[in-house]
Every structure is written in C-alpha cells, then in structure tokens.
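Q: Could you take me through one part of this model in some detail? I would enjoy a close look at a single strand and its surroundings.

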Amino acid sequence: MSVTLHTNLGDIKIEVFCDTAQRTAFNFLALCASGYYDGTPFHRNIKGFMVQGGDPTGTGKGGESIWGGKFEDEFYADIGHDKRGQVSMANTGSNTNGSQVSVVGLLCVYLFI
C-alpha cells in the first residue's frame, strides 16, 4: 500500500509494508487517513541525513499514536535502514512511538544496531 504526504518540503510518496511492522504500519496509515499529518511541517531537516515530521505542534516534542500515547517498537533483524528514502518512526527512546516519522537521506544502518 502507498500514501502520498503533502509536506512543506514537497510531496513524498511512501510505500508501506503492512505485513512487516503491522502495528507501526496501521498507526501510520490510520493517521494519514484521518488527516492528522495535514499541515504538519518537517520540523527537523539535516541535509544529507534525514528529515523528521509528524508533530502537529511543529516543535518535535508532540504527537501521539492513534491509541493515544505511545506504543512499542517493532524491530526485525532482516529489516534495516540500508536504502535512501526509508521511513521509520521517530521517537525519544525505546517503546515511545507516536506520530513522528523520519525519512533517511543516507545509508543509516548504524542508527538501528
């Protein structure tokens, strides 16, 4: 399944692998469908590294999941961030996923070891 985010940096078409990280995919797609991300900026943009958005406050400190609050990480050994453009949940530590996402601009395998 794919969705297109209309952002302050332009449109991004995202392919979502619903069978891989099911809870994460469900949260992201539900937030997209509800319009949650409409008008939210990429509040963090590190050239050549990544962009981060999905916080309705625009500060990088807000946002919650469709369940209200945070949810657990979904890590799998065979899935890494080894391709430019991959999307993941952005969080503040283990099991703190909400609504924020990051899009990698470089090979970032070291972030998820």
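A: Happy to: here is a walk around strand β4 and then out to its surroundings. Please keep in mind that this is a predicted model.

Let us start with the strand itself. β4 covers residues 50-53, and both of its faces are covered. M50 and Q52 lie on one side, V51 and G53 on the other, and all of them are buried. That arrangement follows a familiar rule: in a regular strand the side chains alternate between the two faces of the sheet.

Next come the partners. β4 pairs with β3, residues 42-46, in the antiparallel sense over four bridges. Within that pairing, Q52 of β4 is the bridge partner of R44. β3 and β4 form a hairpin with three residues between the strands, and there G48 adopts a positive phi near 75°. β4 is also joined to β6, residues 101-104, by four bridges, and these two strands run antiparallel as well. Here V51 has V103 in β6 as its bridge partner.

Now follow the chain onward. The loop between β4 and β5 (87-89) holds I66. Is I66 buried, partly exposed or exposed? I66 counts as partly exposed because its relative accessibility is 33%, a value between the 20% and 50% limits. Together with F26 and W67, I66 forms a nonpolar patch on the surface, and the three have about 300 Å² of accessible area together.

Note on methods: Residues numbered from 1 in each chain as written. Predicted model: local features only at pLDDT ≥ 70, side-chain atom pairs only at ≥ 80, totals over all residues. Heavy atoms only, no water. Patch = residues over 30% accessible without salt bridge, like charges linked within 9 Å, V, L, I, M, F, W, Y side chains within 5 Å. Areas by Shrake-Rupley, 256 points an atom, 1.4 Å probe, with all protein chains shown as cover. Salt bridge = Lys/Arg side-chain N within 4 Å of Asp/Glu carboxyl O. Buried < 20%, exposed > 50% of the residue type's maximum accessible area, 1.4 Å probe, protein only. Pairing = 2+ DSSP bridges.
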